Amino acid sequence: MSIIGLVLQLDLGNSRLKWRLIDCGGGTVLGRGACAPLDDAWLQQPVAVAAVQVASVASDATDAALAARVRDRFAVEPWFARATPQCGDLSNSYAEPQRMGVDRWLAMVAARARCRERLCVVDAGSALTIDLVAADGRHEGGYIIPGSALMARALQTATDRVRFDDGEGDSLAPGQSTAACVYHGIALAQAGALQLALMEAQRQGAAPRVLLTGGAARQLRRLLGGLVALPLELAEDLVLDGLALAARS
């Protein structure tokens, strides 16, 4: 896809829409933001855009509604990224590659472009996803785990007596109230899942370089401070970086 001008990139997740405006010529970021999926903040661009690139894990109906809004506002047809069998030397391990979440795939595309060593790509959002990429670019496999908000919602909706107000899972210490027990337990589950995944990865091969992205990446990194020997690198724009790379391939 050859584009001249400004590109609006959209990362449409389950709970928020993240947008970025870039100069396609040099890749300079000219603006960015995040909002609820149905908000119009991303439509309020002060300049004309030449293209709109979308990474979406939403429903077909939501994608169709977003595409209609793009056409109405910018008079361009949006390009929706999809997981593919191959992107450069990154290879998809799925028997049906299109069934992989495009956000996971694009994060791996961007991570692979950054370095050629073994990788662990972690996206901490509505779900916590952990993917391993071999040094030769082969996707080794991964994990999909409910994120913090989904875990809390499951306890609220699937139990009769576990009731608690909103809180923060910033501690791994045992809780001394229902809310603290829930949120500290969720933090323990999230941090423990990544810790065990890294232990298993090192049991099977060389220690991977770990890249964290997603809305809860900073919190997860803070929770794991001192508990994991490997450096945990923040890479906040992995999905959007991968979107730009996939659009050019």
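## Two domains and how they meet

The C-alpha centres of domain 1 and domain 2 lie 27 Å apart. This is a predicted model, where local features need pLDDT of at least 70 and side-chain atom pairs count only at pLDDT 80 or more, while totals for chains, interfaces and linings use all residues. Residues are numbered from 1 along each chain as its sequence is written, and side-chain values use heavy atoms, with hydrogens and water left out.

Colleague: Okay, where do the two domains run along the chain?

Modeller: The bounds come from an automatic or database domain assignment. Going by that, the protein chain splits into domain 1 (6-80) and domain 2 (116-244).

Colleague: How many residues of each domain are in contact?

Modeller: Contact here means heavy atoms within 4.5 Å. Counted that way, 13 residues of domain 1 meet 10 residues of domain 2.

Colleague: And what area is buried between domain 1 and domain 2?

Modeller: The size of an interface is often given as the accessible area lost when the parts come together. Buried area is taken with a 1.4 Å probe and summed over both parts. Carbon and sulfur atoms give 53% of it, and the total is about 900 Å².

Colleague: Which residues in domain 1 lose the most area to domain 2?

Modeller: Three residues together make up 42% of what the domain 1 side buries. They are Gln9, Lys18 and Arg20.

Colleague: What is the distance between the closest N and O atoms of Asp237 and Arg20?

Modeller: A salt bridge needs a side-chain nitrogen of Lys or Arg within 4 Å of a carboxyl oxygen of Asp or Glu. The count between the two domains is four salt bridges. Asp237 forms a salt bridge with Arg20, and their closest N and O atoms are separated by 3.2 Å.

Colleague: Which strands each supply at least two residues of the side of domain 1 that touches domain 2?

Modeller: Strands (E, at least two residues) and helices (H or I, at least four) are DSSP runs, numbered from the N terminus. The ones you want are strand 1 (6-12), strand 2 (17-23) and strand 4 (51-56).

Colleague: Let's look at Gln9 in strand 1. Is Gln9 buried or exposed?

Modeller: Buried means under 20% relative accessible area, exposed over 50%, and partly exposed in between (1.4 Å probe, protein chains only). Gln9 touches Lys18, Arg20 and Leu240, among others, not counting residues up to four places away in sequence. A polar atom of the Gln9 side chain lies 3.1 Å from the backbone oxygen of Leu240. With 0% relative accessibility, Gln9 is buried.

Colleague: Over in helix 1, which residues is Val70 in contact with, leaving aside its neighbours within four places in sequence?

Modeller: Val70 counts as buried because its relative accessibility is 0%. With those neighbours left aside, its contacts are Trp42, Val52, Ala75, Val76 and Pro78.

Colleague: Ala75 came up there. What is its phi near?

Modeller: Ala75 sits in the loop between helix 1 (60-74) and strand 5 (79-80), and it counts as exposed because its relative accessibility is 68%. Most residues other than glycine have a negative phi. Phi of Ala75 is positive, near 60 degrees.

Colleague: Last one: how far apart in space are Leu128 and Ile144, C-alpha to C-alpha?

Modeller: Leu128 belongs to strand 9 (residues 127-133), and at 0% relative accessibility it is buried. Ile144 is 16 residues away in sequence, yet the C-alpha to C-alpha distance is 5.9 Å.

Definitions and conventions. Buried area = accessible area lost by both parts, 1.4 Å probe. Polar contact = N/O pair within 3.5 Å; in protein donor to acceptor, adjacent residues only side chain to side chain.
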